[in-house]
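User: Hi! I am new to reading protein structures and would like some help with this one. Could we go through it feature by feature?

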Amino acid sequence: MSSWFKRKEKGIQTSTEEKKDTPKGLWYKSPTGKIVESEELAKNFYVSPEDDYHVRIGSKEYFEILFDDNKFKELDEKLTSKDPLKFVDTKKYSDRLKAAQKKTGLKDAVRTAVGKSMGKDLVVACMDFAFIGGSMGSVVGQKIARAADYAKKKKIPFLIISKSGGARMMEAAYSLMQLAKTSAKLAQLAEAKVPYISLCTDPTTGGTTASYAMLGDINIAEPGALIGFAGPRVVKDTVGKELPEGFQTAEFVKEHGFLDFIVHRRDLKKKVNLYIDLITNQPIRE
């Protein structure tokens, strides 16, 4: 037997700190069964190179993609949800919030920031699906409203990246009020002639679709993203008919006039800034 497998000294000598864990998620398998190395996936804007599948990512990755040298100033980063209704389902909402914050390292389901993108200022609000399914509670509404105010005051174009299961049921009517609040703020932004671009990513459903996700001067989406109000099963049960193929995919939604463009993630930064230059009648940045 090879000496490699023989212990020279009895007992385990390595301290816990020195132990090397096999990195998690070293390989990624896309839904079509294609396997890609995680590092290669990151270099490819988190898109599986063989089948172009856009892997779900969060604010950290979108900020990396959009902001020059990943430099930005986060807005309202300390804002956290309260539990005004003392809501309990299988567990207390307050406990659910703490668990989500601990697990994700995020304060809530959206992060807002301002920074340079292709040399010019851009305000970005990006949702995080990892935080309670990207659900829209009062903090999400408030952060988006404040980011819209910031964009209006400073005359900086605004981009919202939606990725959400819809309203946060643990906040009931408080959550639903966010639809009106964010919509009103975006109307003020339009009045001030500050461009607003909405990017729908997988999934954009429920209250987000019913409010800010469909209110952009330009509405764009990532390829293959699920975009709808109610899920396909609910729609099918309601209308009592089989749904057409590709129903609620970005491509289907675009074909039916709800989206202007579908943008591949590698082109996102360039395209968003191109649209801003066109809307504001500025020279196009290369």
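Analyst: Happy to! Helices and strands here are DSSP runs, a helix having at least four residues and a strand at least two, numbered from the N terminus. Please keep in mind that this is a predicted model.

User: Good to know. How many helices and strands are there in the chain?

Analyst: The chain has 8 helices and 9 strands. Its C-alpha atoms fill a box of roughly 75 × 50 × 45 Å along the principal axes.

User: What share of the residues counts as buried?

Analyst: A residue is called buried when its relative accessible area is under 20%, and exposed when that value is over 50%. In this chain of 286 residues, 42% count as buried. Turning to the outside, the chain exposes about 16,100 Å², and carbon and sulfur atoms supply 55% of that area.

User: And the charges? How many positive and negative side chains does the chain have?

Analyst: There are 48 positive and 38 negative side chains in the chain. The centres of these two sets lie 5 Å apart.

User: How should I read contacts along the sequence?

Analyst: A contact means heavy atoms within 4.5 Å. Take the contacts in the chain between residues at least 6 apart in sequence: 66% of them join residues at least 24 apart.

User: Which domains is the chain divided into?

Analyst: Domain 1 covers 20-55, and domain 2 covers 57-280. To the contact, domain 1 gives 6 residues and domain 2 gives 9 residues. The centres of domain 1 and domain 2, taken over C-alpha atoms, are separated by 24 Å.

User: How much area do domain 1 and domain 2 bury between them?

Analyst: Buried area is what two parts lose on being put together, summed over both. For domain 1 and domain 2 this comes to about 780 Å², with 59% of it on carbon and sulfur atoms. On the domain 1 side, F45, Y46 and H54 lose the most area to domain 2, and together they account for 73% of what that side buries.

User: Let's try single residues. Is E50 buried or exposed?

Analyst: E50 counts as exposed because its relative accessibility is 60%, and the cut-off for exposed is over 50%. You can find E50 in the loop between α1 (38-43) and α2 (59-66). Setting aside residues up to four places away in sequence, E50 touches K34 and I35. From E50 to T104 there are 54 residues in sequence and 29 Å in space, C-alpha to C-alpha.

User: Now T182, please. Where is T182 found, and why does T182 count as buried or exposed?

Analyst: T182 belongs to helix α5 (residues 172-191). T182 counts as buried because its relative accessibility is 0%. Beyond residues up to four places away in sequence, T182 touches G141, I144, S211 and Y212. T182 and G165 are 17 residues apart along the chain, and their C-alpha atoms are separated by 17 Å.

User: What can you tell me about V253 in the same way?

Analyst: V253 sits in helix α7 (residues 250-255). With 9% relative accessibility, V253 counts as buried. Leaving out neighbours within four places in sequence, V253 is in contact with I227, Q248, F258 and L259. V253 and D76 are 177 residues apart in sequence, while their C-alpha atoms are 33 Å apart in space.

User: I have heard that backbone angles are worth checking. Which residues have a positive phi although they are not glycine?

Analyst: M118 has a positive phi of about 55°, and I132 has a positive phi of about 45°. M118 lies in the loop between β4 (110-117) and β5 (120-127), whereas I132 is in the loop between β5 and α4 (138-154).

User: Which residues does N273 touch?

Analyst: N273 touches S117, M118 and R285, not counting residues up to four places away in sequence. So we meet M118 again, as a contact of N273. N273 is in helix α8 (residues 268-279) and is buried, with a relative accessible area of 2%.

User: One last feature: where is a peptide bond cis?

Analyst: Look at the bond from D202 to P203, which is cis with omega near -10°. P203 is part of strand β7 (residues 196-204).

Definitions and conventions. Residues numbered from 1 in each chain as written. Predicted model: local features only at pLDDT ≥ 70, side-chain atom pairs only at ≥ 80, totals over all residues. Heavy atoms only, no water. Buried < 20%, exposed > 50% of the residue type's maximum accessible area, 1.4 Å probe, protein only. Areas by Shrake-Rupley, 256 points an atom, 1.4 Å probe, with all protein chains shown as cover. Lys, Arg positive; Asp, Glu negative; His and termini not counted. Charge placed at Lys NZ, Arg CZ, Asp CG, Glu CD. Domains from an automatic or database assignment. Buried area = accessible area lost by both parts, 1.4 Å probe.
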